[in-house]
Amino acid sequence: MANAPKRKRTEIFALGNEAVVEGALFAGCSFYAGYPITPSSEVMEIMAARLPRTENGVFIQMEDEIASMGVVIGGSLAGRKAMTATSGPGFSLMQENLGYACMAEVPLVIVNVMRGGPSTGLPTSPAQGDVQQARWGTHGDHPIIVLSAADVPECLEMTITAFNFAEKYRTPVILLLDEITAHTREKITLPHEKDYEIFNRLVPSMPPEWYKPFEETVRGVPPMPPIGSGYRFHVTGLTHDDMGFPTQRPDEVKAIIERLHRKIDQFFYDIQLTQEYDTDDAEIVVIAYGSVARSAQLAVSQARAAGVKAGLLKLKTLFPFPKAPVVTLARKARAIIVPEMNMGQISREVKRVNNGLTRVRTLNRIDGQIITPSQILKAIQQV
């Protein structure tokens with residue numbers, strides 16, 4: 001029998017923001033609520049056109065970002081894979097409801113296309129100034145998963161990953177892009193079903209009368225039924241017991257906060273994503289993320305061509321910060337360079353885990369312009 005012909009791959013010329021939409025729809029997103037803001041607006045515009053055409057797809061434009069997050073939380077509680085997208089000032093407005101989603105363990109995805117700040121700042125210029133806000137913007141001791149994408153294909157890939165992590169660990173996930181990545185247009189190949197494993201949240205298998213919505217489990221991730229499906233499910237931002245009702249008992253408060261952290265901490269091997277280039281013998285290691293990682297990759301190649309043993313560690317997960325690969329490279333490198341479009345936000349994490357193992361040099365740009373390969377190459381040559 002002749003071999004069946006291979007299915008032809010669909011290729012499109014897409015913006016990073018458009019690739020985010022393709023990734024979200026592939027992952028099963030069926031609910032979007034948001035408010036347009038530069039430079040993330042294309043995500044919302046394309047979702048407005050595409051999502052209602054899908055089976056059970058719902059798109060809502062809200063009056064602001066505060067309401068958007070509230071509605072996204074509600075959509076997720078109703079059983080939908082839900083997301084929103086925003087930038088700078090909008091991300092700030094989402095922080096209170098983000099904390100609510102963390103405490104209530106509501107899976108959802110927030111895409112933040114970073115621009116210059118503070119305040120209105122530089123609405124159409126690139127920056128990476130929201131990194132620490134993504135980690136610590138909402139109050140209280142909370143774990144969070146923060147991802148990054150360096151190019152248009154990664155915008156698709158990391159959006160799928162963001163939905164998988166949200167569903168798998170029952171938690172909000174933040175995907176950070178920057179204006180350059182979001183507005184770069186490149187050819188991408190749309191995935192087939194078997195290209196990615198898609199995760200859906202665990203739903204309860206026990207009778208409704210046995211169900212405890214925040215019960216301790218081996219993975220630390222309780223099953224989550226859709227609201228209205230017959231399971232009693234109390235939702236609150238207050239510290240709560242395993243039934244979801246408010247508590248101030250020290251043992252119960254301690255138990256839920258520890259479980260929120262443990263369900264992330266014990267799966268670092270799954271969550272902390274990095275990619276290495278020419279690091280086997282690297283004496284100088286560049287650590288970068290977002291569009292800066294593209295500049296860094298070219299700079300490392302140019303340095304290699306000039307006889308300098310340079311390498312790149314690209315961070316695809318920013319938090320939980322991938323300590324292990326950074327420490328491994330720091331132990332054998334004579335210097336680490338951290339280029340980023342801010343005053344030094346990931347470099348703080350690098351210095352923290354480096355703990356004196358090697359020299360750490362920062363390369364920062366805060367004027368709304370990109371960090372070029374030549375700037376990084378010059379920094380490599382000067383070490």
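Here are two short exercises on helix packing and domain contact, with worked solutions.

This is a predicted model, where local features need pLDDT of at least 70, side-chain atom pairs count only at pLDDT 80 or more, and totals for chains, interfaces and linings use all residues. Residues are numbered from 1 along each chain as its sequence is written, and side-chain values use heavy atoms, with hydrogens and water left out.

**Exercise 1.** Work out how helix α3 and helix α5 pack, and which residues make the contact.

Solution. Start with the geometry: α3 (residues 65-77) and α5 (residues 95-104) pack at about 20°, with axes 8 Å apart. The axes are lines fitted to C-alpha atoms over the stretch in contact, and angles run from 0 to 180 degrees between N-to-C directions. That makes α3 roughly parallel to α5 (angles under 35 degrees count as such). Next, list the contact (heavy atoms within 4.5 Å): α3 brings Ile66, Met69, Gly70 and Ile73, while α5 brings Asn97, Leu98, Tyr100 and Ala101. Finally, sort by class: six residues are nonpolar, two polar and none charged, with Gly counted among the polar ones.

**Exercise 2.** Describe how domain 1 and domain 3 meet, using the distance between their centres and the area they bury.

Solution. First get the bounds, which come from an automatic or database domain assignment: domain 1 spans 11-189 and domain 3 spans 274-381. Their centres, taken over C-alpha atoms, sit 26 Å apart. Then count the contact: 27 residues from domain 1 and 24 residues from domain 3. Last, the two domains bury about 1,900 Å² between them, 54% of it on carbon and sulfur atoms (accessible area lost on being put together, 1.4 Å probe, summed over both).

Note on methods:
Helix = DSSP H or I, 4+ residues; strand = E, 2+ residues; numbered from the N terminus. Parallel < 35°, antiparallel > 145°, perpendicular 65-115°, else oblique.
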